[in-house]
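The following paragraphs go through one protein model by its covalent links, its charged pairs and its surface. Please keep the coordinates open while reading.

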Amino acid sequence: FRGCSGGSTPSTALPWLLTAAHLKFSPVLTQDPPLEGLTTASTFVLDQPHCIFQDYGNADIWLVVALSQATSTFNNSAGPGTPETAFQSFPDPVRAYMTLNTTLGNYPCPKPDGDITVLRVGSETSCARDVTRPTCNGPLPGPGPYRVKFLALEGSVPVAETAWSVPIMLRTAKSPSSISTTGSGHNAGMIAITTILSILFAILLAGLVAMLVFWGSDFCGGSSTFSKPESVTVRRYNTHHVYDQPAARL
């Protein structure tokens, strides 16, 4: 009877004690409102988990960021701020880190109308190499894919967790050598505009040249067009009755 009633040993009881409630929610990239830079080369933007942990008012809510292939091996008992979950060691040897902790009061239910309530993962650069801040929300080191979940801890005990998100891929910066200088719509438009401006400039220049030639011929050949006016001779006529005729001599 002793073997049946003795209960579990500490080694088998611990996993049971650390089992968290599984919530029917998966973190998603925000879609409302649409944001510029939803994903960049080192960040992505999530919706906040409003109305998800309302039954766990005393818990701290953490975001777990993991390599996509490492989700099955993440241990909820690995406490935040420990070497096992430090951002500065991600992604090797640490395969998942914990960051962006807050209380439930910062995720009110319902969500305030008109507020943009999002989380930008990877936005802190000042603590990326600071080992004294292992929960840093530092820039992600590569394109991924990554998966995330929210985890509620009461003290160091996990009490609730969401499902993992779908894999999230970040943007990959193109090397200068891979950027094509021809064939794109932008370059084609610039070529067309340049061609049109060149044609208009040529027409304008031809018009100016023609005008100068016309004016030059007008000044240089003025003698053939305009003749010098002849001098006008005014003749004087004396009429016969102006002067006294000498008396007729008999």
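Two residues are said to be in contact when heavy atoms of theirs lie within 4.5 Å. The model is a predicted one, in which local features need pLDDT of at least 70 and side-chain atom pairs count only at pLDDT 80 or more, whereas totals for chains, interfaces and linings use all residues. Numbering starts from 1 along each chain as its sequence is written, and side-chain values use heavy atoms, with hydrogens and water left out.

A starting point is P108, found in the loop between β4 (96–103) and β5 (118–121). Strands such as these are DSSP runs of E with at least two residues, helices are runs of H or I with at least four, and both are numbered from the N terminus. Once neighbours within four places in sequence are set aside, P108 is in contact with H50 and C51. Q48 is 60 residues away from P108 in sequence, yet the C-alpha atoms of the two are 9.7 Å apart. With a relative accessible area of 31%, P108 is partly exposed; that class runs between buried, under 20%, and exposed, over 50%, with a 1.4 Å probe and protein chains only.

C51, one of the contacts of P108, also takes part in a disulfide. Here a disulfide is a pair of cysteine sulfur atoms within 2.5 Å, and the count by this rule comes to 2. In one of them C51 is joined to C109, with an S to S distance of 1.9 Å. C51 sits in the loop between β2 (44–47) and β3 (60–67) and C109 in the loop between β4 and β5, so this pair ties together parts that are 58 residues apart in sequence. The link of C51 and C109 is right-handed, with 105° about the S-S bond. Both ends are partly exposed: C51 has a relative accessible area of 30%, and C109 has 46%.

The other disulfide joins C127 to C136, with 1.9 Å from S to S. Its torsion about the S-S bond is about 75°, so the disulfide of C127 and C136 is right-handed. C127 is buried, at a relative accessible area of 0%, and C136 counts as buried at 1%. When the bonded cysteines of the protein are numbered in sequence order, the pairing reads 1-2, 3-4.

Next come the charged pairs. A salt bridge is counted when a side-chain nitrogen of Lys or Arg lies within 4 Å of a carboxyl oxygen of Asp or Glu, and a search of the whole structure finds 2. R133 forms a salt bridge with E124, their closest N and O atoms being 2.9 Å apart. R133 is partly exposed at 35%, as is E124 at 26%.

The side chains of E161 and K149 also meet in a salt bridge, at 2.4 Å from N to O. This pair links distant parts of the chain, 12 residues apart, with E161 in strand β7 (residues 157–161) and K149 in strand β6 (residues 146–154). E161 is buried, with a relative accessible area of 7%, and K149 is buried at 4%.

The last stop is the surface. M190, I193, I196, L197, I199, L200 and I203 form a nonpolar patch there, with about 710 Å² of accessible area together. Patches are made of residues with over 30% relative accessible area and no salt bridge, joining like charges within 9 Å and nonpolar side chains (Val, Leu, Ile, Met, Phe, Trp, Tyr) within 5 Å. The areas come from the Shrake-Rupley method with a 1.4 Å probe, and for residues only the protein chains shown count as cover. Within the patch, I199 lies in helix α3 (residues 185–220) and counts as partly exposed at 48% relative accessibility.
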